[in-house]
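Subject: Structure handover

Hello,

Here is the structure you asked about. My notes on what was found in it follow below.

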Amino acid sequence: MTPKDVIKFAKDHGAKMLDIKFVDFIGQWQHFGITGSHLEEGLFEDGLGFDGSSIRGWQPIDASDMLVLPDPETAKMDPFTKVPTLSLIANIADPITREPYTRDPRHIAKKVVKYLQASGIADTAYIGPEAEFFMFDDVRYEQSAHRGFYQVDSDEAAWNTARDEAGSNLGYKLQHKAGYFPVSPSDTLDDIRVEMVLQLEALGITIEAQHHEVATAGQCEIDMRFEELVKMADQCMWYKYVIKNVAKRHGKTVTFMPKPIYGDNGSGMHTHVSLWKNGDTLFAGDKYAGMSEMALHFIGGLLKHARAVCAFANPTTNSYRRLVPGYEAPINLAYSSRNRSASVRIPMYSPSPKAKRLEFRTPDPSCNPYLSFAAILMAGLDGIENRIDPGEPLDKNIYALPAEEAAKVGKTPFTLFEALESLREDHEFLLRGDVFTEDVVKGWIDFKMEEEVKPMLLRPTPYEFALYYDC
C-alpha cells in the first residue's frame with residue numbers, strides 16, 4: 001500500500017485512532033496511539049518523535065530524540081481495540097540525519113535482505129518458524145531480597161489429577177510428554193487455538209496447522225506458512241500479539257519463554273530456511289537428501305557459526321534450561337535428514353524440489369525474530385561464499401552414540417554467558433554489508449550481560465535451598 005492507499009483503507013474501515021508499533025532491541029512490540037486526524041501522507045515521511053532513552057538497549061539520555069516512520073505496507077486494523085484502530089509498524093530513524101537507526105531490529109532485517117540480493121546468490125530468503133508456547137490458567141511469581149518463587153498451573157496439567165475440581169473428570173489430564181496430537185477431551189485448548197488461527201488469517205497471515213504440543217499443562221503450536229524474511233518477522237510480532245490477546249479473552253495467559261515447567265518439553269521455534277532466485281528454489285539438487293551443493297554450504301556456515309548465532313536465536317538465560325545435553329533439545333551441531341536429534345534437519349515430507357529447505361531446530365520463541373533470522377541468514381551466506389563443508393551427516397540417534405563418538409560432535413552453548421562470549425569472539429561474518437554493526441553486537445552483549453546474565457548469577461534459586469540449605 002502507498003500512503004494514499006492507507007488513508008483510504010483507514011476511511012473504509014472507520015478508523016478513529018492510529019496505533020504506531022515498533023520492535024525494541026530485545027524483540028517486544030512498543031506502541032503509542034494518535035487520533036485518526038493525524039493520518040496524512042506527510043506522516044509517513046515526517047514521522048513522529050519519541051524518547052529513545054526509555055527503550056531498552058537504545059539511546060543514552062543525552063541523545064534521546066528519535067523518530068518513528070510508519071511503513072504503509074504494514075497497515076492492518078487492530079482486532080483487539082474497542083475503538084476502530086489502524087495499526088502501522090514503524091521503522092526508526094535519527095531525527096537529525098534522517099538515517100535509519102542502526103539498532104532498529106527491523107532495519108537490520110531489511111539490510112540482510114539487501115545484502116543477499118547484492119551478493120547475487122539469491123533474491124529471496126523464505127523463513128518458516130514453528131513457534132511453540134504454553135497457555136496457562138494461573139501464573140504467579142515473585143523475586144525479592146528474601147524470597148523468590150514461581151507457580152504455574154493449567155486445568156489439563158498432569159499434576160491436577162487429585163485436585164478438588166467440581167464438574168470435571170480428572171481422568172483426562174494430559175500426562176507428561178503425552179500432549180502431542182491427542183483429541184478432546186484430553187486436548188482442552190482446540191477451540192481457543194482455532195479462534196487464534198481465524199484471527200491470524202483475518203489479518204492476512206496464512207496458517208498451515210495448529211495442534212497441541214508434547215508437554216502437559218497447555219503446550220501448543222500454530223504454524224505459519226513460510227514468507228519472505230522481513231514480512232515473516234513482522235508476522236511473528238502479530239503472532240505473539242494475537243495469541244496473547246485471544247488467550248486473555250478466555251481468562252488464560254500465554255508465555256513464549258522456552259522452559260516454564262520442569263520435567264517436560266520446552267518450547268522451541270524450529271526455523272525453516274530456503275533461498276530462491278527468479279522464482280526458482282536454489283536448495284534442491286542431487287546431493288545428500290536431495291539438496292543442492294549451495295544448500296550444504298549454507299548448512300556448513302550455519303554449523304560453523306551456530307554458537308554465536310545462539311546469542312540471538314536463544315537469547316535468554318531460560319533458553320539454556322531447554323538446551324540441556326541428553327534431553328529433547330537439539331544441541332548437537334550436526335545435520336541429517338529426518339533426524340530430530342541434529343540441530344539442522346532436512347525435512348523429507350515431500351519429493352517436490354520446491355519443498356527443499358533446511359530446518360534449524362535450536363532457536364526458541366524468546367528471540368527477536370528480526371535479529372535471529374538475520375543472524376541465521378548471514379551464517380549461511382558465509383558458508384556459501386566460502387564453500388564451507390558441513391562434514392558428513394549424522395543419520396542416527398546422536399543421543400545413543402558411544403561417549404567417544406559423541407564427544408566429537410559440536411554442541412550449542414550451555415549458558416547465555418557462553419553464547420554471548422561466542423558472539424564476542426565470532427561476529428565478523430555478521431558485519432559484512434554493514435548488516436550488523438560493531439555497535440549493535442557490542443550493545444547486545446553488554447545489555448544481555450548486565451540486565452540478564454549478571455542479575456541471574458546474583459540470585460539464589462528455590463532449588464538451591466533444597467540442595468544446600470542443610471550443608
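A residue counts as buried when its relative accessible area is under 20%, as exposed when that area is over 50%, and as partly exposed in between. Please keep in mind that this is a predicted model.

Backbone

I start with Lys177, which is partly exposed because its relative accessible area is 46%. Lys177 sits in the loop between S9 and H4. The phi of Lys177 is near 60 degrees, a positive value in a residue other than glycine. Arg98 also departs from the usual sign, with a positive phi of about 65 degrees although it is not a glycine. Arg98 belongs to the loop between strand S6 (residues 85-93) and helix H3 (residues 105-119). With 39% relative accessibility, Arg98 counts as partly exposed.

There is also a cis peptide bond, which runs from Ser184 to Pro185 and has an omega near 10 degrees. Pro185 is found in the loop between S9 and helix H4 (residues 190-202). For context, most residues other than glycine have a negative phi, and most peptide bonds are trans.

Salt bridges

The structure holds 27 salt bridges. One of them joins Asp24 to Arg56, where the closest N and O atoms are 3.0 Å apart. This pair links distant parts of the chain, 32 residues apart: Asp24 is in the loop between strand S1 (17-23) and strand S2 (29-35), and Arg56 is in the loop between strand S3 (48-51) and strand S4 (65-70). Are the two partners buried or exposed to some degree? Asp24 is buried, because its relative accessible area is 1%. Arg56, at 35% relative accessibility, counts as partly exposed.

A second pair is Lys252 and Asp137, whose side chains meet in a salt bridge at 2.4 Å, N to O. Lys252 lies in the loop between H5 and strand S13 (253-255), and Asp137 in the loop between S7 and strand S8 (138-143), so this salt bridge ties together parts that are 115 residues apart in sequence. Lys252 has a relative accessible area of 17% and is therefore buried. Asp137 has a relative accessible area of 25% and is therefore partly exposed.

The side chains of Glu227 and Lys231 form another salt bridge, at 3.6 Å from N to O. Lys231 is partly exposed, with a relative accessible area of 40%. Elsewhere, Asp19, Lys21 and Asp78 are joined into one network by salt bridges that share partners.

Pocket and cavity

The second largest pocket holds about 880 Å³ of space. It is lined by 40 residues, and the closest to its centre are Glu130, Glu221, His272, Arg345 and Glu359. By class, the lining of this pocket has 15 nonpolar, 9 polar and 16 charged residues. Strand S7 (124-136), strand S10 (207-212), strand S11 (219-224) and strand S14 (269-277) each supply at least two residues of the lining. The largest share, 6 residues, comes from S7.

How many cavities of 30 Å³ or more are there? The count comes to 1. About 50 Å³ of space lies in the largest cavity. Its lining is made up of Ala131, Cys236, Tyr239, Lys240, Met269, Pro365, Cys367 and Pro369. By class, that lining has 7 nonpolar, no polar and 1 charged residues. Helix H5 (residues 229-249) gives the most to the lining of the largest cavity, with 3 residues.

Surface

Val139, Tyr141, Tyr150 and Tyr262 form a nonpolar patch on the surface, and together they have about 580 Å² of accessible area. Within this patch, Tyr150 is found in strand S9 (residues 148-153). Tyr150 counts as exposed because its relative accessibility is 54%.

The last item is Glu405, which lies in helix H9 (residues 403-406). At 30% relative accessibility, Glu405 counts as partly exposed. Glu405 and Lys111 are 294 residues apart along the chain, and their C-alpha atoms are separated by 40 Å.

Regards

Terms used. Residues are numbered from 1 along each chain as its sequence is written. This is a predicted model: local features need pLDDT of at least 70, side-chain atom pairs count only at pLDDT 80 or more; totals for chains, interfaces and linings use all residues. Side-chain values use heavy atoms; hydrogens and water are left out. Patches are made of residues with over 30% relative accessible area and no salt bridge: like charges are joined within 9 Å, nonpolar side chains (Val, Leu, Ile, Met, Phe, Trp, Tyr) within 5 Å. Accessible areas come from the Shrake-Rupley method with a 1.4 Å probe; for residues, only the protein chains shown count as cover. A salt bridge is a side-chain nitrogen of Lys or Arg within 4 Å of a carboxyl oxygen of Asp or Glu. Helices (H or I, at least four residues) and strands (E, at least two) are DSSP runs, numbered from the N terminus. Buried means under 20% relative accessible area, exposed over 50%, partly exposed in between (1.4 Å probe, protein chains only). On a 1 Å grid over the protein atoms alone, a cavity is a set of points where a 1.4 Å probe fits but cannot get out, and a pocket is an open set with protein on both sides within 12 Å along at least five of seven lines; lining residues have an atom within 4 Å of a point. Grid points are joined across faces, edges and corners, and a volume is the space filled by probe spheres set on the points. Ala, Val, Leu, Ile, Met, Phe, Trp, Tyr, Cys and Pro count as nonpolar, Asp, Glu, Lys and Arg as charged, and the others, Gly among them, as polar.
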